[in-house]
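Work through the following exercises with the coordinates at hand, and compare each step with the solution given.

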Amino acid sequence: MIAAIPSAAQSAEDYQALRTKVAQLQQQLDAVQGALDATHPPAQPVPVVAATPAQTAPAQTAPAPIAHPAIARAAAPDPLPRPAGTPSITAQGGTASLPSGYGFRIGETSFRIAGFIKGDLIVSRYGNGDTATTPLGRELSLPQSIPVGGRRSGILTDASAKQSRIAFQTATPVGTQSLTTLIEADFQVAPAVAGGERALNPYTFGLRRAVAGYGGFAVGQDWSNFQYVAALPETADFVGVTDGTVLVRQMLLRYSRPIGTGWTVSASIENPETVSAMAGATALSDNDDDSIPDVTGQLLWASKGASLSLTGLFRSMRVDPANGRPAATAQGYGVSLAGIAPLPTGKGDDIRFMMTGGRGLGRYVGANVAADAIYQAADDRLVAVPLVAGFAAIRHVWTGTLRSTWMGSFQRIWNPASASPLSTRQVWDTAINLFVSPLPRLDLGVEARLSHRELANGSAGTLDRLHVTVKQGF
């Protein structure tokens, strides 16, 4: 026992010396880490945008989701800001909040991947025809696809997940600003191949947007600067107010610049394409004869959830008959006013609207219900087609996770006398929906829709539709 005492004492001394050494090492490591932090501060997430931060304003985001308080506390602000008038990649009115720490870095470049999985069940009944005149009319609200002059159809049911979407974004610091890129795609570009629904249901993966930005400039395929996408309402349909909205994605070069508190001005040159119809014919033709880019300008004001966009468009249309006759030209122009007005209910209610008018705007409005111009071969003349279109939508929040939107849209077309009597004269559409978000970034919705199409000869057709959707963002 006596011999064991020195041994035990020695062990205690060794243990204490070891603890002292570990404490000294920890102090040295803390000092080194402090010096490193002072020299290189921790990297902060870089905003990923398709243009410069100056183009982003609060009212340019998609409608803010209404979340359960517990969800709201856990959610971070949308880390995916976008250029003026460009919506969140998570769809119009869809969930836009994503958890903090979203994305990753490699070297100086920040990367982010986001999107959603969307499943749709669509039940349709046509009042004046057996089915839609185009396959996409069975999946989207396309007023020009409503059949006219036939018998009432039976109940038609379609289901798919082809509207699912993915986007990949990067941001790299260059000088005092960021060089940014965005590429976005989904499967809603064409109907399934014949017989595709028998077993495998394959769909074509197609480009939506591919745009790079730096210093106020953006170049690539993006939403037209003539369109204010942020005003689009929350809807189960792909667009919801197709009849009355400007709706174009195309190649462009855009420059945006803030000009004061809440004010942004932008201008762009965009891909030209004249869509015409021959005198007396209904078929629309892409001519690809244009030589002068379309030119647009936008003045945008945004403050405290409200916004107002005034856009203008000028284009030079051209059709070359390629039969020895001279090419025919005509000018097109238009103005569009759109915005978001919060309602003083304190619940997140708002009104969204757009009104557009001009000549030669057919391909820019309503997914090309009207031709840009009618080509009259008899006198080698190209006649621009006038139109007026618009929509309004009211969103009401019932509870923290439950909300509804009522929307209505229309388009009125004044075809020249040389146009076919079977050309569309007017279309209108109204819908109401109910959405609930029981979990973070999960939206469940049901929407009822009534659509109407009328031809120049007075014939008309209708569509009744029930649309059920589920969408999970990531």
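Accessible areas here come from the Shrake-Rupley method with a 1.4 Å probe, and for residues only the protein chains shown count as cover. The model is predicted, so that local features need pLDDT of at least 70 and side-chain atom pairs count only at pLDDT 80 or more, while totals for chains, interfaces and linings use all residues. Residues are numbered from 1 along each chain as its sequence is written, and side-chain values use heavy atoms, with hydrogens and water left out.

**Exercise 1.** Determine the accessible surface of the protein and the share that belongs to carbon and sulfur atoms.

Solution. The accessible surface comes to about 21200 Å². Of this surface, 64% belongs to carbon and sulfur atoms.

**Exercise 2.** Find where the salt bridge partners Arg403 and Asp443 lie, and decide whether each is buried or exposed.

Solution. A salt bridge requires a side-chain nitrogen of Lys or Arg within 4 Å of a carboxyl oxygen of Asp or Glu, and the side chains of Arg403 and Asp443 meet at 3.2 Å, N to O. Arg403 lies in strand S19 and Asp443 in strand S21 (strands are DSSP runs of E, at least two residues, numbered from the N terminus), so the pair ties together parts that are 40 residues apart in sequence. Buried means under 20% relative accessible area; Arg403, at 1%, is therefore buried, and Asp443, at 1%, counts as buried as well.

**Exercise 3.** Examine the salt bridge between Arg363 and Asp294 in the same way.

Solution. The closest N and O atoms are 3.1 Å apart. Arg363 is in the loop between strands S15 and S16, whereas Asp294 is in strand S12, 69 residues apart. Both Arg363 and Asp294 are buried.

Note on methods:
Helix = DSSP H or I, 4+ residues; strand = E, 2+ residues; numbered from the N terminus. Buried < 20%, exposed > 50% of the residue type's maximum accessible area, 1.4 Å probe, protein only.
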